[in-house]
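Here is a small set of exercises to work through with the model open beside you. Try each task before reading its solution.

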Amino acid sequence: MAEDTYTGSFYCVKCKEHRDATGKIEVNAKGTRMAKAKCPTCGTSLTRFLPKAK
């Protein structure tokens, strides 16, 4: 089965800029979907919360 991914804009807290990246989609214990990636510039972890799946 293919892994779900999200490609788009993430905000890097360390660089204080929006960065385009591709991240893996995960679901936490509360059922919130989020994409997690690494900043292509500094390597910091990036997280973007996504809308619920329909």
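The exercises below go from the overall fold to the core, the salt bridges and a few single residues.

This is a predicted model, in which local features need pLDDT of at least 70 and side-chain atom pairs count only at pLDDT 80 or more, while totals for chains, interfaces and linings use all residues. Residues are numbered from 1 along each chain as its sequence is written, and side-chain values use heavy atoms, with hydrogens and water left out.

**Exercise 1. The overall fold**

Task: Describe the secondary structure, the dimensions and the surface of the chain.

Solution: Begin with the elements, which are DSSP runs numbered from the N terminus (helices are H or I, at least four residues; strands are E, at least two). The chain has four strands and zero helices, and from the N terminus on the order reads β-β-β-β.

Next, take the dimensions. Along the principal axes, the C-alpha atoms fill a box of roughly 30 × 25 × 15 Å.

Then turn to the surface, computed by the Shrake-Rupley method with a 1.4 Å probe; for residues, only the protein chains shown count as cover. The accessible surface is about 4200 Å², and carbon and sulfur atoms account for 52% of it. Of the 54 residues, 26% are buried (buried means under 20% relative accessible area, exposed over 50%, partly exposed in between; 1.4 Å probe, protein chains only).

Finally, look at the contacts (heavy atoms within 4.5 Å). Among those between residues at least 6 apart in sequence, 23% join residues at least 24 apart.

**Exercise 2. The nonpolar core**

Task: Find the residues of the largest nonpolar core and say which strands supply them.

Solution: First, fix the rule: a nonpolar core is a set of buried Ala, Val, Leu, Ile, Met, Phe, Trp, Tyr and Cys residues joined through side-chain atoms within 4.5 Å. The largest such core has ten residues: Y6, F10, C12, A21, I25, A35, A37, C39, L46 and L50. Strand 1 (5–12), strand 2 (17–27) and strand 3 (33–38) each give two or more residues to this core. Strand 1 gives the most, with three residues.

Now zoom in on one core member, C12. Leaving aside neighbours within four places in sequence, C12 is in contact with E17, R19, C39, C42, T44 and L46.

**Exercise 3. The salt bridges**

Task: Locate the salt bridges and classify the accessibility of each partner.

Solution: Apply the rule of a side-chain nitrogen of Lys or Arg within 4 Å of a carboxyl oxygen of Asp or Glu. The count comes to two.

One of them joins E17 and R19, with the closest N and O atoms 3.5 Å apart. E17 counts as partly exposed because its relative accessibility is 41%, whereas R19, at 18%, counts as buried.

The other pair is K36 and E26, at 3.6 Å from N to O. This pair links distant parts of the chain, with K36 in strand 3 and E26 in strand 2, ten residues apart. K36 is partly exposed because its relative accessible area is 37%; E26, at 28%, is partly exposed too.

**Exercise 4. Strand residues S9 and D20**

Task: Place S9 and D20 and list what they touch outside their sequence neighbourhood.

Solution: Start with S9 in strand 1. At 24% relative accessibility, S9 counts as partly exposed. Not counting residues up to four places away in sequence, S9 touches H18, R19, D20 and R48. The C-alpha atoms of S9 and R48 are 8.4 Å apart in space, although 39 residues separate the two in sequence.

Continue with D20, which lies in strand 2 and counts as exposed at 64% relative accessibility. With neighbours within four places set aside, D20 is in contact with G8, S9 and P40.

**Exercise 5. Two loop residues**

Task: Which loops hold K16 and G43, and how accessible is K16 and G43?

Solution: K16 is found in the loop between strand 1 and strand 2. Check the backbone there: phi of K16 is near 60 degrees, a positive value in a residue other than glycine. At 61% relative accessibility, K16 counts as exposed.

G43 sits in the loop between strand 3 and strand 4 (45–49). With 37% relative accessibility, G43 counts as partly exposed. From G43 to E17 the C-alpha distance is 13 Å, across 26 residues of sequence.
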